[in-house]
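Colleague: Could you take me through the backbone of this model, looking closely at the places where its geometry departs from what one usually expects, and at what surrounds them?

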Amino acid sequence: MHTTDIQRCEIRPGYLVEWTLHPRTVETAAALPEDSRPPAYVQESHVRTARSVREDGLFVPTWCGAAFDIPGQVDTEALQEALRAWTLRHETLRSGFRWVGDEMRRFTLDADAVALHREDVGDFADAATLTRYLEDRFDVAADALSWPNFLYAAVVRQDGTSIYMVFDHSNVDAYSIYRIPGEIHDHYEAALAGRAVETAPIASYVDFCAIERTDADRIDDTHAIVARWREFVAQCEGKLPNFPVDLGLEPEGPLPTQKLLREMLVDDADAGAFEAYCRPYGGSLIGVLAATALLVHEIGGQRVYRTVVPFHTRVKSQWLDSLGWYVGGAPIEIPVTQAPDFDSALKVVRAELRKNKPLSRMPLARVLRLLGADFRPTSPDLYSIVSFVDTRDIPGSERWQEMKAHALMRVSYGDQVCAWVTRFHDGLQFASRYPDTDVAYKNMRLYAEGLRELIVSVAREAAVRR
């Protein structure tokens, strides 16, 4: 289920059908009283950022989603039933926000009020035309500032159907996206057989938002977590860190368009050997961050690599199957001059993560509010990330290649670099959104190639040690 954008997920012509919430459902939602459960801090930050950027005159789509195939001639009635049954399992999809003054207030539909509306859009004979149509449609239908903010589409053909399910980021994270193909297949097969999928009820992300926010609101600006972030932000010259190589950005210039760089770094064998080498230090995440610290020093001369490392916040098993945005961030600082080679960098990264990973449990938006700094967002990404996810234990992942499954991201505007290194059954993939400048392209290529070379050399070393 490699990460890509819609231009590169091999869209093929066919007959397009779409599903969104029924107009009656949307009308019912408009009249609902307030749900006392607040937005998560990450949701509120995301929506406020979208509003702020929109007020600056720029429409920046931020949706993400899943694309996958169902083989053979599809039964669209059964597919609709599968999509509805799956939607009802995830309370966040029937919960939205409205503004009351400058406050975001939640509303949530009862499950029995939810109906899907089917729209037969028609035949598309040309893949490029269909791709453009879908991107434009998803931009509008999965917008952070509207509700509902998700859309399901099926491109139906005789030999199989391609499904596209897209959501504003406030509803989903990477783990949510990765679970979708297998779950929809299960629901579709159950709908064909006229039975329900036998699974336990799923915990609600809306409940998680309330629990997490209650905990976050207990701390004040004297808390140790706030002190650590204050120190980190001061080291980053009063802001959150971007990727520390030259990106060719104009100071005070307009928000640049972005490009996507994506490629397989290494195959399964090299990925496994790299993992084995890094395991005594904590695994592949530690290895990717150590490699990154060395490479940004090589490319940009940065003596200390500072970044915010994303971690999932599904710390209790009840949240594992739940659709939502369960992500926090921990700051780390790697003084490369004290860790000039890979093994010493691994040790420093391990120590930094041990010390700082607990900070990821506290929503960064809450910390920034307590810091009192002026973090008025001018970009959809508040900071740069390098993320690592291992997908091999996700249900259905062994079938992703035959399903032609992809994780979709929208690449639009932004002055930050976001990079994802992902472990799949067939190896390690690199994907990155970066500002569309010649300088950024050159340096991101150097980074990706440097990662590959280092991973391969470490894998060879691991083989020798065995």
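Modeller: What follows is a walk through the unusual backbone sites, and then a look at one helical residue. Please keep in mind throughout that this is a predicted model. As background, most residues other than glycine have a negative phi, and most peptide bonds are trans.

Glu-10 is not a glycine, yet its phi is positive, at about 60 degrees; this residue sits in the loop that runs between β1 (2-4) and β2 (14-21). Because its relative accessibility is 54%, and the exposed class begins over 50%, Glu-10 counts as exposed. Glu-252 likewise has a positive phi of about 60 degrees without being a glycine, and its place is the loop between α7 (224-235) and β9 (258-267). With a relative accessible area of 83%, Glu-252 is exposed.

The peptide bond that joins Trp-147 and Pro-148 is cis, with omega about 0 degrees, and Pro-148 itself belongs to the loop between α4 and β7 (150-157).

Helix α4, which spans residues 127-141, also contains Asp-139. This aspartate counts as buried, because its relative accessibility is 8% and the buried class covers values under 20%. Leaving aside residues up to four places away in sequence, Asp-139 touches Phe-59, Pro-61, Trp-63 and Arg-410.

Terms used. Residues are numbered from 1 along each chain as its sequence is written. This is a predicted model: local features need pLDDT of at least 70, side-chain atom pairs count only at pLDDT 80 or more; totals for chains, interfaces and linings use all residues. Side-chain values use heavy atoms; hydrogens and water are left out. Helices (H or I, at least four residues) and strands (E, at least two) are DSSP runs, numbered from the N terminus. Buried means under 20% relative accessible area, exposed over 50%, partly exposed in between (1.4 Å probe, protein chains only). Contact means heavy atoms within 4.5 Å.
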